[in-house]
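Work through the exercises below with the sequence and the model side by side. Try each task before reading its solution.

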Amino acid sequence: MKALIVTVTANPALDRTVVLQNFKIGKINRVLRSRVDVGGKGINVAKNIKALGGDAVCLGFLGRSDDFAAKYLEDLGIFTDFTIIQKPIRVNIKLIEENSSTFTDINESGPEVDSSEARSLIEKIQSWAFKAKVVVLAGSLPPGVK
């Protein structure tokens, strides 16, 4: 049996990557291609663990309307046990300019999380920690979590 690794991403994001030929400030820019990924440091760790043949479980916060994020990870074969919160997770914009190979990140701070939602995540972390070989706590904390 493979060692189970639990990753915790308290501030996950939908990362929209937009590729442009040549970004022009203050002008209309046409998108060459784009994609949406689910990200956040712990989620990215889990995706890499899975790609290397390991087993990972993602914990963290997801908003009530963020079904896409859980399905995205489950489609990759990553088990999830997110704490559902009232507000949706953040959306980050990743701009890639092909002509200059320039990458620009525009990151939101994340949703406000109340104390009962935070306690719920802490309880899940404690429960999963007993089953895991390793627990990875990664990334930023959303507003309201200390």
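**Exercise 1.** Which residues of α3 are buried?

*Solution.* First, the ground rules. This is a predicted model, where local features need pLDDT of at least 70, side-chain atom pairs count only at pLDDT 80 or more, and totals for chains, interfaces and linings use all residues. Residues are numbered from 1 along each chain as its sequence is written, and side-chain values use heavy atoms, with hydrogens and water left out.

Step 1. Locate the helix. α3 covers residues 115-129, 15 residues in total. Helices are DSSP runs of H or I with at least four residues, strands are runs of E with at least two, and both are numbered from the N terminus.

Step 2. Check its span. From first C-alpha to last, α3 reaches 21 Å, close to the 21 Å expected at 1.5 Å a residue. The expected span is 1.5 Å times one less than the number of residues.

Step 3. Apply the burial cut-offs: buried is under 20% relative accessible area, exposed over 50%, partly exposed in between (1.4 Å probe, protein chains only). E117, A118, L121, K124 and W128 of α3 are buried.

Step 4. Look down the axis. The buried residues of α3 fall within an arc of 120 degrees, so they line one face of the helix. The arc is taken from the directions from the helix axis to the C-beta atoms.

Step 5. Find the cover. It includes β1 (4-9), β4, β5 (79-80) and β6 (83-85).

**Exercise 2.** Place L59: is this residue buried or exposed?

*Solution.* Step 1. L59 sits in strand β4.

Step 2. Its relative accessible area is 0%, so L59 is buried.

Step 3. List its contacts (heavy atoms within 4.5 Å). Beyond neighbours within four places in sequence, L59 touches, among others, V6, V8, F82, L121, K124 and W128.

Step 4. Take one partner across the sequence. D81 is 22 residues from L59, yet their C-alpha atoms are 5.3 Å apart.

**Exercise 3.** Which element gives the most to the largest nonpolar core?

*Solution.* Step 1. Define the core: buried Ala, Val, Leu, Ile, Met, Phe, Trp, Tyr and Cys residues joined through side-chain atoms within 4.5 Å.

Step 2. The largest such core has 16 residues, and V38, I43 and L62 are among those with the most contacts inside it.

Step 3. α1 (41-51), β4 (55-63) and α2 (67-75) each supply at least two residues of this core. α2 gives the most, with four.
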